[in-house]
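Colleague: I have just opened this model and would love your help with a close look at one part of it. Could you walk me through it, and then through what else deserves attention?

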Amino acid sequence: MLCLAACTTLTAPLTPGLEPRLALADETRLQARILALAAPLIIANARHCPQNHPYSGLITTHIADWQAGERDHVRAAYGADPRAAVWIVAEGSPAAGAGLMPGDVLLSLNGRWSEPNARWHDDLRARTLPDALRRGETHLRVQRGDEGIELVLIPQPACAAQVRLVSIDLAGGRRQAVWMAGDTLFVDRAFAAVTPDDRLRQYMALVLARHIARHQPLPPILERALQGPDIVRFALGVDAMDQLAGRGPEHAAPRWRTPSEAEIALAAHLLVQAETHGSLVSPASPASPAASGPEGASDTGSPSSGQP
């Protein structure tokens, strides 16, 4: 149901075990887009979240992340072979402020040299870089052309450290369009590809609102918002609610979960805060070339339970 046009642009044939990404240019634009939409929400509302995470606005890649048909393009555009390289740098982010650029090859992290293999990058993405950012100032050495450059990356507190595109299996587990798990805001790839910015931003806000409301009482200012106008109008159709309702395995009846009045009011407030934040942030350079619901709005402790 979610595939529509997005699925027709997946690279083929698929290599077993690899995430079924879009073609390089399309995947880069889509990942940069969801990062740009989510960043004001997760940064401006950090004070409301039960736990803050170190946001950098940096996404790295390695040639092994991609299907065989895209690897020459990845190698030419980002040089991510055999070492990992910078893929996307969000505008106005700590990574942009540090001077990182797409195509920078990662040579060392806090004095520890990188290794020319995919396993090192997997560990960097899952553990080494997040751990370093949690400690604060992170020193990177990158290769840009023939030059080695020393950079310092200082993260900022946010409700999520990462915003990640994934593809979900609609045949098993819960159907989710957007959800929180650990320090990451996940967005379904096919859903993002066909959803307008305003609607996608609303889904993200509602996910964040549910995450906040589950962990702490609503602040008084948000309780007062319940008495005000409904700023956000979640005009979700049946298909959208199917994606967001937490549908179980196919033999089970769907568990409908409509947003509560409090969650909608809180989401409205979060969107207002994000808009204010966005108007105060001036674009930084350099940025990624791509930058030039709900129980699918779900909040779980890990990306398990049928999620990638």
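Where is the place of P82?

Modeller: Happy to help. This is a predicted model, so local features need pLDDT of at least 70 and side-chain atom pairs count only at pLDDT 80 or more, while totals for chains, interfaces and linings use all residues. Residues are numbered from 1 along each chain as its sequence is written, and side-chain values use heavy atoms, leaving out hydrogens and water.

P82 sits in the loop between helix 2 (71-78) and strand 3 (85-89); helices (H or I, at least four residues) and strands (E, at least two) are DSSP runs, numbered from the N terminus. The peptide bond that leads from D81 into P82 is cis, with omega near 5 degrees. Most peptide bonds are trans, and most residues other than glycine have a negative phi.

The backbone of N110 is worth a look too: phi there is near 50 degrees, a positive value in a residue other than glycine. N110 lies in the loop between strand 4 and strand 5. With a relative accessible area of 36%, N110 is partly exposed (buried is under 20% relative accessible area, exposed over 50%, partly exposed in between, with a 1.4 Å probe and protein chains only).

Those two strands bring us to helix 4, since strand 4 (105-109) and strand 5 (112-113) are among the elements that cover its buried residues, where contact means heavy atoms within 4.5 Å. The cover also includes strand 6 (138-144) and strand 7 (147-153). The buried residues of helix 4 are W120, H121, L124, L129, P130, A132 and L133.

Helix 4 itself (residues 118-134) has 17 residues and reaches 23 Å from its first C-alpha to its last, close to the 24 Å expected at 1.5 Å a residue; the expected span is 1.5 Å times one less than the number of residues. At L124, one of its buried residues, helix 4 bends by about 60 degrees, the angle between axes fitted to the seven residues ending there and the seven starting there.

Its two ends have details of their own. At the start of helix 4, a side-chain oxygen of N117 comes to within 3.3 Å of the backbone nitrogen of R119. After helix 4 comes G136, with a positive phi near 115 degrees.

For the wider setting, the protein chain has nine helices and 12 strands, and 49% of its 308 residues are buried.

Key
A polar contact is a pair of N or O atoms within 3.5 Å; within protein, one must be able to donate a hydrogen and the other to accept it, and residues adjacent in sequence count only if both atoms are side-chain atoms.
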